[in-house]
Amino acid sequence: MNKDLKFVRNIGISAHIDSGKTTLTERILFYTQRIHAIHEVRGKDGVGATMDSMELERERGITIQSAATYCSWKDIDINIIDTPGHVDFTVEVERALRVLDGAILVLCSVGGVQSQSITVDRQMTRYNVPRIAFINKCDRTGANPERVVRQLREKLNLNAVMLQIPIGLESDLEGVVDLVTMKAVYFEGEQGRDIRYDEIPAALLDQAKAKREEMLDAVSMFSDELMEAMLEEGDIPEALIREAIRKGTLSLKLAPVMVGSAYKNKGIQLLLDGVEMYLPCPTDVENIALDIDNNEAEIKVSNNTADPLVALAFKLEDGRYGQLTYVRTYQGEVKKGEFITNTRTGKKVKVGRLVRMHANEMEEIEEAGSGDIIALFGVECASGDTFCGGNINWSMTSMHIPAPVISLAIKPKDNKAQDNISKALNRFCKEDPTFKSFVDHETGETIISGMGELHLDVYIERMKREYKAEVEVGAPRVAYRETITQRAEFDYTHKKQTGGSGQFGRVGGYLEPLEEGVYEFVDDIVGGSIPREFISSCDKGFSASMDKGLLTGAPITGVRCVINDGGYHTVDSSDMAFQQAAKGAFKEGYRKAGPIIMEPIMKVAVEGPSEFQGAIMGSLNQRRGVIVGTSEEGAYTVVEAELPLGEMFGYSTILRSLTQGKAEFSMEFSAYKQVPKGVAEQLIKEYEASKKN
Amino acid sequence: MGYEPLVKQNPLRVLKLTGNDKKMGLIMARAGLGKTALLVQIALDTILRGNRVLHISIGENLDKTKLWYDDMLQAILQECPVAKPHELIDMVRQHRMIMTFKEAAFDRSRLEERLNDLIQQNIFTPDCVVIDGFDFTATDHAKLEDIKNLMESLRLQTWFSATSHRDDTRVSPTGVPAPCHELDDLFETVVLLKSYQDHIELEILRDSGKKAEGSSHLRLDPATMMVRQED
């Protein structure tokens, strides 16, 4: 690994599902000589692409987990995180973006900017990730890179500027014209390995000149020197243009666009040149840590290898040899055998094995410098933990983790499966913060919850394949919540005298809605009506009551419990008695506080041919959807709506049959909102019935 | 709905938005003076009166159009706070639908098709349609009359915006500037936004289908783009 950070690029490859990003990664690894043969995602050789290391990914042809890999191109060391395309797995995308300095946004030249591209782009903006757009699949029927560029400008508000134009399109795709050098570039020989530069074909010359003018106009905004050179109307040095493109890209004010076809091996080497020339090295990017010892003051990390270590664990995997922790270093060095401190736990851990990952193969290394992405073996930690060296106690900013919105009950088919399920769930929960599991004590069922049907589906498949655990799966359930809408008083006495020492506790006060947060306990007791030692017992009792609402048994959120009065008995009052009193008080107050049921509302985007717009809107309307709007671009329409998650189960099948399979949809969690009265009554009825059984 | 004070206080009452459900109105101004802001305020006033609005935005994207509503609603809430603002925000969301079209993708037949989709399937039945970004330079009297007939048949109040240009000095006898100078008889109400050194004034050119007399005494606040009564 090269020590100079100028020669390091940490990049991600993000896109809408099926835009060909895994195929692109495969080509990148091939041209950088990291692999020696190309295997297609759904190739006939049955090997699958290198980055799709899980069996399931290879079978389905989609990437589920991001795998980190490393390769070298010319003088540059590139760390690549291949990120999943489906919206259910966006936490993987977000975690990857958190640690990356730059990204390639892959777009399909036919599909253009699709819903997932918009989600991914929003995430890139959130983490200030400069990006290059790569318009892939220019060999496909219906390819229209110009339309994609327009969409980049209109839908993503990017200052998208073409640096290349394709030579031919669809089956006639031959190569690209580089608008910076004004040369035609052809990719010849076995698997496009030999690059031939030539004069621009006469038929394309005028278009190339016009596009170069357009590009120079946009790029010159970032360089006074370039603008002067353009005004002088002489030859414009190539380096000047490249420098301006880089400047614009790093400032996030320019998105250079490159074109090609990964599948047909066209344009990839130039894209790698683009990564080298236009995407940032670790020192170009400002990363902020929080100083825990100094009231979480923001501190810029130095990127300096000589400074104490600051590293972020952004991904965990539990493999055959123990826990594998993917780490990005922001300053300092990690060395084998050295001790580092986990900021969250304060524990010192010894760095055992240190490896550089290449999909599921690994390469042992002795040390890693600042700005690097590597993996540690046998280090106990959670995803998102920060490791520090020396005496500093910093934490990298916390990552945005959405709460799960859907759950499923799973049941082992046999005893052997029972053990394996526990192991599998343990591992999945550690790896993926959006995946949760718990046992419902009333039904004895194991419940798993996550971000969508596909998300849970994939984990069930993994249980079967990786842990040989066959499970029976219940119907998907929406993660309802309960909350209160008004203030309500309580005054509850818990009294029991059934032989032996009795139990006594009285708790008075009120519940009120909490605007932000899940639960808050306020102690307003004056005069010792509840002794100090039992205040925390009250807190415990209220807090435990929040786990299960009285309407449907769903968790309660947004309640402030205030106690301001009470009573005790010198002999019969105890921790347990006050916990029980608080639980009773909560019940009493809750019923009077206007409890309501809330359901997750999803932001749904359906894209399809305009002829089906009416049918699509109708199908959303039938599902209690509020149609926010539609965007119509000639033959193509996007319908945006907000719908309850409970109404979206099985929607993909309905949509397919409504639109002859020509439309697709994506959804992401938007907010929790109150369920309509009729639905609430039904849910309460079902819950009452389930309690009786 | 409990939002009567917001409706009553609205200076837009001068435009007589209530009552005539077949009315066609026009907001004209040079680029950047606040046509969309005014259209959105008309839409919000209609929603606050319990009606539904279809906002058609030509050549603009969905997010930007939504942002206009969010901003104008925030401005209204700042001036006239209500007890439960999130309920008002939800109500507006449910009573409004936005449709965006590329310039080339919008025409009368497409409009009819989309309105039929919405109304016949009972997806969204608007009471008012605002059409922002319609290209009046590419239309003529017959075509616009055709749209007017369509909207009248559906009993829809319709508001358009049109951009006038400094260098085109043609005007109709009622003072409606180009490119709408030959179309003015199709509109019940025509409002022209006029820019002065420190403010933008709403000049009502046509009212109830006739040439308007006197001043509207309305201005656009340059900071919030909200309509205000002159002091």
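## Helix pairs and two single residues

The crossing of α14(A) and α15(A) is right-handed, meaning that the near helix is turned clockwise from the far one by less than a right angle. The model is predicted: local features need pLDDT of at least 70, side-chain atom pairs count only at pLDDT 80 or more, and totals for chains, interfaces and linings use all residues. Residues are numbered from 1 along each chain as its sequence is written, chains are lettered from A and ligands numbered from 1 in written order, and side-chain values use heavy atoms, leaving out hydrogens and water.

Stay with that first pair. Two packed helices are described by the angle between their axes and the distance between the axes. Helix α14 of chain A covers residues 613–622, and helix α15 of chain A covers residues 651–658. Their axes lie 10 Å apart, at an angle of about 155°. Axes are lines fitted to C-alpha atoms, for helices over the stretch in contact, and angles run from 0 to 180 degrees between N-to-C directions. α14(A) and α15(A) are therefore roughly antiparallel (over 145 degrees). From α14(A), A:Ala615, A:Ile616, A:Ser619 and A:Leu620 meet A:Tyr651, A:Leu655 and A:Leu658 of α15(A). Contact here means heavy atoms within 4.5 Å. The residues of this contact comprise six nonpolar, one polar and no charged. Ala, Val, Leu, Ile, Met, Phe, Trp, Tyr, Cys and Pro count as nonpolar, Asp, Glu, Lys and Arg as charged, and the others, Gly among them, as polar.

Now take a second pair in chain A. Helix α12 (residues 535–545) and helix α13 (residues 575–592) cross at roughly 45°, and their axes come within 7 Å. This pair is therefore oblique (neither under 35, nor 65 to 115, nor over 145 degrees). The crossing is right-handed. Among the residues that meet are A:Phe542 in α12(A) and A:Phe586 in α13(A). The residues of the contact of α12(A) with α13(A) divide into seven nonpolar, four polar and three charged.

What of single residues? A:Lys211 sits in helix α6 (residues 202–219) of chain A. A:Lys211 is buried (under 20% relative accessible area, 1.4 Å probe, protein chains only), at 12%. Leaving aside residues up to four places away in sequence, A:Lys211 touches A:Glu146, A:Met162, A:Ile165 and A:Leu179.

Chain B offers B:Asp71, in helix α3 (residues 62–79). B:Asp71 is partly exposed (between 20% and 50%), with a relative accessible area of 47%. The C-alpha atoms of B:Asp71 and B:Val40 are 9.9 Å apart.

Last, the whole of chain A. Buried residues make up 57% of its 693 residues.

Note on methods:
Helix = DSSP H or I, 4+ residues; strand = E, 2+ residues; numbered from the N terminus.
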